[in-house]
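Visitor: I have the structure open and would like to know what stands behind the words people use for it. Could you take me through them?

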Amino acid sequence: MSFGTPHRHHRRCDSTNDLARQLAAAGAPSGTIVSADEQTAGRGRQGRSWTAPAGKALLYSAILRPLTERHLVLPLAAPLAVAEAAEAVAAVRCAVKWPNDVWIEDLKCAGVLIEARPRDGWAVIGVGLNISIQPDEFPTELRETATSLGQGATVDGALRALNESLDRWAQADPQEVLAAFRERDGLRGREVSWAEGSGVADGVDERGNLIVITPAGRRVALGSGEVHLEHNCGGFAA
């Protein structure tokens, strides 16, 4: 497994994930990556858009195949790889907000969108990592919740670092992934809410579900959806 070969780069495209999905459906090998300076229709989870000024964010999608049982925790492994890559190019410490956001001091610097086709045996790992976006360049609604690496980090350097970290984490043993995620868990012990309730986050279980203790003492396992931090404007999903 080696990410980064082949590599298709676009000055401008609709969505790197869309292009990578097309390549995967056509049989492109595992490790193929698609990147772009700018996206016009970048997507995040829950149907959100992902926007960034041209050349100031790593816009990246990678093809992984074949899929095996160890990839059941890929949604946790991918943000771990992004956090590790970010720390390799800037003097930052990253946490992960379940399931797919990467934080620096509770501010979002990256999001991950995985689109899998288990029947066809492949997945596309989409990453948006803010590199050098200035505070006033973020959309108004994100200026209090988003951040960039800064510190001289470059898109090219982050891309190389992400290729290397994905090589490791995409094939890591699930127990190693779970242990590493728990070390970076940005939600554990904090009050969170979701569409059906609220409680205190209590880490992740063996399948990567978020465990929440409700006010009544009930343990709830959340397998998908959006979770917000209570009393904190920084909780949002990619």
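Guide: Gladly! Let us begin with pairing: two strands pair if DSSP finds at least two bridges between them. Please keep in mind that this is a predicted model.

Visitor: What makes strand 8 and strand 9 a pair?

Guide: Strand 8 (residues 191-194) and strand 9 (residues 197-204) are joined by four bridges. Pairing asks for at least two bridges, so these strands count as a pair. They run antiparallel, and W194 has G197 in strand 9 as its bridge partner.

Visitor: Which sheet holds them, and why are some of its strands said to stand at the edges?

Guide: The order is 11-10-9-8-12, an open sheet of five strands with antiparallel pairing. Strand 11 (219-222) and strand 12 (228-229) each have a single partner strand, so one side of each lacks a neighbour in the sheet, and that puts them at the edges.

Visitor: How do you know that strand 6 pairs with strand 5?

Guide: Four bridges link strand 5 (residues 101-104) with strand 6 (residues 107-117), in the antiparallel sense. With at least two bridges as the requirement, the two therefore pair. I104 stands opposite L107 in strand 6. The two strands form a hairpin with two residues between them, and E105 in the turn has a positive phi of about 50°.

Visitor: And what joins strand 6 to strand 7?

Guide: Eight bridges do, and strand 7 (residues 122-130) runs antiparallel to strand 6. E115 is found opposite V124 in strand 7. This hairpin has four residues between its strands, and G121 there takes a positive phi near 80°.

Visitor: Let us turn to the cysteines. How do you know that C94 is in no disulfide?

Guide: A disulfide needs two cysteine sulfur atoms within 2.5 Å. By this rule the count comes to zero disulfides. For C94, the nearest cysteine sulfur is that of C109, at 4.7 Å, so the pair does not meet the cut-off.

Visitor: Why are C94 and C13 called buried?

Guide: Buried means under 20% relative accessible area. C94 has 2%, so it is buried, and C13, with 8%, is buried too.

Visitor: What about A90, D185 and E69: buried or exposed?

Guide: A90 lies in the loop between helix 2 and strand 4 (95-97). Its relative accessibility is 6%, so it counts as buried. D185 belongs to the loop between helix 4 (174-184) and strand 8, and at 13% it also counts as buried. E69 sits in the loop between strand 3 (57-64) and helix 2. Exposed means over 50%, and E69 has a relative accessible area of 70%, so it is exposed.

Visitor: How far from those loop residues are some other positions in the chain?

Guide: D185 and K97 are 88 residues apart along the chain, with 6.4 Å between their C-alpha atoms. For A90 and G225, 135 residues apart along the chain, the C-alpha separation is 30 Å. E69 and L149 are 80 residues apart along the chain, and their C-alpha atoms are separated by 33 Å.

Visitor: What is known about the largest pocket and its lining?

Guide: The largest pocket has a volume of about 630 Å³. Of its 27 lining residues, H71, L72, V73, L74 and P75 are the closest to the centre. Helix 2 (74-89) and strand 6 are the elements that give two or more residues to the lining. Strand 6 gives the most, with four residues. By class, the lining has 15 nonpolar, seven polar and five charged residues.

Visitor: Finally, why can the whole chain be called as compact as a globular protein of its length?

Guide: The chain has four helices and 12 strands. Its radius of gyration is 17 Å, and the globule rule gives 18 Å for 238 residues; the two are close, so the chain is as compact as a globular protein of that length. Along the principal axes, the C-alpha atoms fill a box of roughly 50 × 45 × 30 Å. Of the 238 residues, 52% count as buried.

Technical notes. Residues are numbered from 1 along each chain as its sequence is written. This is a predicted model: local features need pLDDT of at least 70, side-chain atom pairs count only at pLDDT 80 or more; totals for chains, interfaces and linings use all residues. Side-chain values use heavy atoms; hydrogens and water are left out. Buried means under 20% relative accessible area, exposed over 50%, partly exposed in between (1.4 Å probe, protein chains only). On a 1 Å grid over the protein atoms alone, a cavity is a set of points where a 1.4 Å probe fits but cannot get out, and a pocket is an open set with protein on both sides within 12 Å along at least five of seven lines; lining residues have an atom within 4 Å of a point. Grid points are joined across faces, edges and corners, and a volume is the space filled by probe spheres set on the points. Ala, Val, Leu, Ile, Met, Phe, Trp, Tyr, Cys and Pro count as nonpolar, Asp, Glu, Lys and Arg as charged, and the others, Gly among them, as polar. The radius of gyration is taken over C-alpha atoms; the globule rule is 2.2 Å times the number of residues to the power 0.38.
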